[in-house]
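Dear colleague,

Please find below the structure that I am handing over to you. My notes on what was found in it follow directly after.

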Amino acid sequence: MTGPGREREWPLYEVFVRGKRGLNHVHVGSLHAPDDEMALRHARDVYTRRNEGVSIWVVRADAITASSPDEKDPLFAPSGDKVYRHPTFYAIPDDVPHM
Amino acid sequence: MATTSSETPTHLPDDELQAQFEATIERGDRIEPRDWMPEGYRKTVVRQVAQHAHSEIIGMQPEGNWITRAPSLRRKAILLAKVQDEAGHGLYLYSAAETLGVSRQELTEMLIEGRQKYSSIFNYPTLSYADVGAIGWLVDGAAICNQVPLCRTSYGPYGRAMIRICKEESFHQRQGYELLMTMMRGTDEQRAMVQESVDRFWWPALMMFGPPDADSPNTAQSMAWGIKRNTNDDLRQRFVDMSVPQAEALGVTFPDPELAWNEERGHYDFGEPDWEEFMQVVKGNGPCNAQRIAHRRRAHDDGAWVREAATAFADAQAGEAAS
């Protein structure tokens, strides 16, 4: 982990902020910190200097499992041919109310 | 997500990956960190984003110079907030560069060893408090001209960092202009300070857009890749056109006898910046180059014990939790 004559780099954290009550936490960026608590403090200073949030999550980037980046990934293929999952698939006469 | 590794998503041959990459840019879609990308694209984005990050970090110094001597508590609070923003902007951008596999430590070393550049504007000194205003108005104004189109840059993490930065830059420009307006309502001496400061910063601000298009060999490729959205000369013209009426409203002039409205073009004509001076400053021979880097290096060295202590504390906490 530590090269000769080099400091050990602090781990990378991903930062998620809830903008206000009722909204999801949304990814806003990343930062380095020595531990979870410092990551939270840094996240407050770096990402919420103007009341951007009411709650922050930080998570170590190496703890995240991600899908492969390719958009045509077979992972997403199962939903590709299921148009019947969308309301627009069903033709309903215009004069049927509240539908 | 800022995953640092770049994985080739599939086992496609390079020319097919290249075609997919180009199609993504053609559609106006963004390139994301783990996408396949040509090595030249990666290098160009890393260089541009790192240079931009370094500029924010070094950019704290000229104005930081005046924090302890701010003329009022109000101005001091504003200046502190602004300098803190510059630090934040540097951090957003370093994170964006790191998504392409370069480490923070490498970036810091490249800056303090002079292997990567930062904007030449920060190698000019700040000689009076009016400079805080002139920097906010002209330097941050020029930065906004440069940065707003970069919100649509083709590299996703860079564009997202730019969106955050642009939201905050508007405060920087307005506080500077308001500071100058306040001084212009003051004494003759204060008005003279404003004019003197504007005289010093006008040309360096124009140089912030980089050399003329004819001498900017990388522009065409960067535009083809969607990294850059406008040429240096286009942005410079836009900045001049925006600034002239602002100067009139403020009651100052720019030190350029050739500055005049051109009815036919629908733009202001203006003189040529001193490109020899620009090249000298870029090469490291500006008034403050050595001082800026020495200061950054000292801050890094002086902070070493803090970084070590925080790491040791984290290790101790982790050890306690494990036992």
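Asp62(A) is exposed in this predicted model, its relative accessible area being 60%. Its side chain meets that of Arg60(A) in a salt bridge, with 3.0 Å from N to O. Arg60(A), for its part, is partly exposed at 33% relative accessibility. The 33% of Arg60(A) lies between the limits of 20% and 50%, and therefore the residue counts neither as buried nor as exposed.

Side chains of opposite charge can pair when their charged atoms come close. How many salt bridges does the count give over all chains? The total is 24. Two further pairs, both in chain B, may serve as examples.

The first example lies in helix α2 of chain B, which covers residues 39–58. Here Glu39(B) and Arg42(B) form a salt bridge, and their closest N and O atoms are 3.7 Å apart. The two residues are three positions apart in the helix, so about one helical turn separates them. Is Arg42(B) buried or exposed? Arg42(B) is buried, at a relative accessible area of 13%, while Glu39(B) is partly exposed at 46%.

The second example belongs to helix α8 of chain B, residues 188–207. Asp188(B) and Arg191(B) are joined there by a salt bridge between their side chains, at 2.7 Å from N to O. Again the spacing is three residues, and so the partners stand about one helical turn apart. Asp188(B) is exposed, with 59% relative accessibility, and Arg191(B) is partly exposed, with a relative accessible area of 29%. Beyond such pairs, salt bridges with shared partners link Arg49(A), Arg50(A), Asp85(B) and Glu168(B) into one network.

I also add a short account of chain A as a whole. Which elements does chain A have? There are two helices and three strands, and from the N terminus their order is β-β-α-β-α. Chain A has 99 residues, of which 23% are buried. For contacts in chain A between residues at least 6 apart in sequence, 42% connect residues at least 24 apart. The accessible surface of the chain amounts to about 7,300 Å², and carbon and sulfur atoms account for 56% of that surface.

With kind regards

Terms used:
Residues are numbered from 1 along each chain as its sequence is written. Chains are lettered from A and ligands numbered from 1 in the order in which they are written. This is a predicted model: local features need pLDDT of at least 70, side-chain atom pairs count only at pLDDT 80 or more; totals for chains, interfaces and linings use all residues. Side-chain values use heavy atoms; hydrogens and water are left out. A salt bridge is a side-chain nitrogen of Lys or Arg within 4 Å of a carboxyl oxygen of Asp or Glu. Buried means under 20% relative accessible area, exposed over 50%, partly exposed in between (1.4 Å probe, protein chains only). Helices (H or I, at least four residues) and strands (E, at least two) are DSSP runs, numbered from the N terminus. Contact means heavy atoms within 4.5 Å. Accessible areas come from the Shrake-Rupley method with a 1.4 Å probe; for residues, only the protein chains shown count as cover.
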